[in-house]
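This briefing walks through a predicted model, taking the surroundings of the ligand before the sheets and the helices. Please keep the sequence and the structure in view while reading.

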Amino acid sequence: MITVTNLTVAYDELVAVADVSLRVPPGCVLAVSGPSGAGKSSLLWAIAGAVAARSGTVEVDGLTITDRPGAAAHRVVLIPQGNGLARVLTARENLSMPLLADRALIGVLNRRRGGSGDEPEYEREDERSHALDTVDRTIAKALADVGLEDSGDHLVEELSGGEQQRVAVARGIAQHGRVILADESTSELDSTNRERVLNLLRREADRGAAVIIATHDPNVAAGADGHATMDEGHLTWERRL
Ligand SMILES: Nc1ncnc2c1ncn2[C@@H]1O[C@H](COP(=O)(O)OP(=O)(O)OP(=O)(O)O)[C@@H](O)[C@H]1O
């Protein structure tokens, strides 16, 4: 459950998100639309912990989000506008980074709890290779889900804009988030791939994620469970969840 309460985000004097409150339960997809500069990305960044709230709160499943590392550890996944991929890495490497970081974090936590850190070396090796196999399978499935099963070894800069956008979506869904925040994730896609990505985001919701899509596309908004618009930071409901 995403719970945003009286959230205000400001950059110096400019108020980008003005006293916004909303709730998105697990299993639901909310579309947020509105003109350029209305504050959609700022709202998503705040929920992802990537920008600080000036006032108000963001909670995910009861945990207050205050920074990006905390949000990421709580599996709040942001698929950023403009894809956010490392251009000189391959598609597969881009997908692997958050997954390996997550595994590393689990390892650190286990060791702190006196778990796998105390286990014999061969068990840890076995565990490591099993974990890497799981990461490889997860990456292969996510790339296949966006129709890029043969592009894993291509550098991002060799891919078209639409293909890069699909890699960003694959990276997002591979993380099995509790929350998926998709910022204009279909803007460069043809209709077939737009449907494909929307179906994937719906699948994420069906698995139990709370999903918010920022979009300029009325068709995307129409397919969501709820639709809100933003204007100069203020949020108005077109269709409540
Ligand atoms: N890092 C920043 N520093 C200063 N101002 C910013 C920053 N990020 C965004 N803004 C400003 O905040 C306002 C809201 O921007 P935001 O990107 O959230 O809007 P948006 O609705 O997502 O726009 P778009 O549809 O064009 O992506 C804009 O006026 C923008 O210029």
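Strand 2 (14–24) and helix 1 (40–47) each supply at least two residues of the shell around the ligand, and the largest share, 3 residues, comes from helix 1. As the model is predicted, what follows describes computed geometry.

**Ligand surroundings**

- The ligand is surrounded by Tyr11, Leu14, Ala16, Gly34, Ser36, Gly37, Ala38, Gly39, Lys40, Ser41, Ser42 and Gln81.
- By residue class, this shell divides into 4 nonpolar, 7 polar and 1 charged.

**The sheet of 4 strands**

- One open sheet consists of 4 strands in the order 2-1-4-5, and the pairing in it is antiparallel; its edge strands are strand 2 and strand 5 (63–64), each of which pairs on one side only.
- Strand 1 (residues 2–11) is joined to strand 4 (residues 55–60) in the antiparallel sense over 5 bridges, while the antiparallel pairing of strand 1 with strand 2 extends over 7 bridges.
- Thr3 can be followed into both of these pairings, since its bridge partner in strand 4 is Glu59, and in strand 2 Thr3 stands opposite Arg23.
- The hairpin of strand 1 and strand 2 has 2 residues between the strands, and in this hairpin Asp12 takes a positive phi near 50°.

**The sheet of 6 strands**

- A further open sheet has 6 strands in the order 6-7-8-3-9-10, with mixed pairing.
- Strand 6 and strand 10 (234–239) stand at the edges of this sheet with a single partner strand each, so that one side of each is left without a neighbour in the sheet.
- On average, and with direction ignored, neighbouring strands of this sheet are turned by 20° against each other.
- Strand 6 and strand 7 (residues 179–183) run parallel and are joined by 4 bridges; within this pairing, Val77 has Ile180 of strand 7 as its bridge partner.

**Helices packed on the sheet and on each other**

- Helix 1, which also contributes to the shell around the ligand, lies across strand 3 (29–33), strand 6, strand 7, strand 8 (210–214) and strand 9 (226–231), and runs at about 155° to strand 7.
- Helix 6 likewise packs on the sheet, where it touches strand 3, strand 7 and strand 8, and the direction of helix 6 makes about 150° with that of strand 8.
- Helix 5 (residues 161–174) packs against helix 6 (residues 191–206) at an angle of about 10°, with the axes 11 Å apart; because angles under 35 degrees count as roughly parallel, helix 5 is roughly parallel to helix 6.
- Helix 5 makes this contact through Gly162, Arg166, Val169 and Ile173, and helix 6 through Asn193, Val197, Leu200 and Glu204; by class, the contact has 4 nonpolar, 2 polar and 2 charged residues.

**Gly84**

- Gly84 is placed in the loop between strand 6 (76–79) and helix 3 (91–112).
- With 14 other C-beta atoms within 10 Å, Gly84 is partly exposed, because a residue counts as buried if 20 or more such atoms lie within that distance and as exposed if 12 or fewer do.
- The C-alpha atoms of Gly84 and Val197 are separated by 17 Å, the two residues being 113 residues apart along the chain; Val197 is one of the residues through which helix 6 contacts helix 5.

Definitions and conventions
Residues numbered from 1 in each chain as written. Predicted model: local features only at pLDDT ≥ 70, side-chain atom pairs only at ≥ 80, totals over all residues. Near = placed C-beta within 6 Å. Nonpolar A, V, L, I, M, F, W, Y, C, P; charged D, E, K, R; others polar. Pairing = 2+ DSSP bridges. Axes fitted to C-alpha atoms, helices over the stretch in contact; angles between N-to-C directions. Parallel < 35°, antiparallel > 145°, perpendicular 65-115°, else oblique. Contact = placed C-beta atoms within 7 Å.
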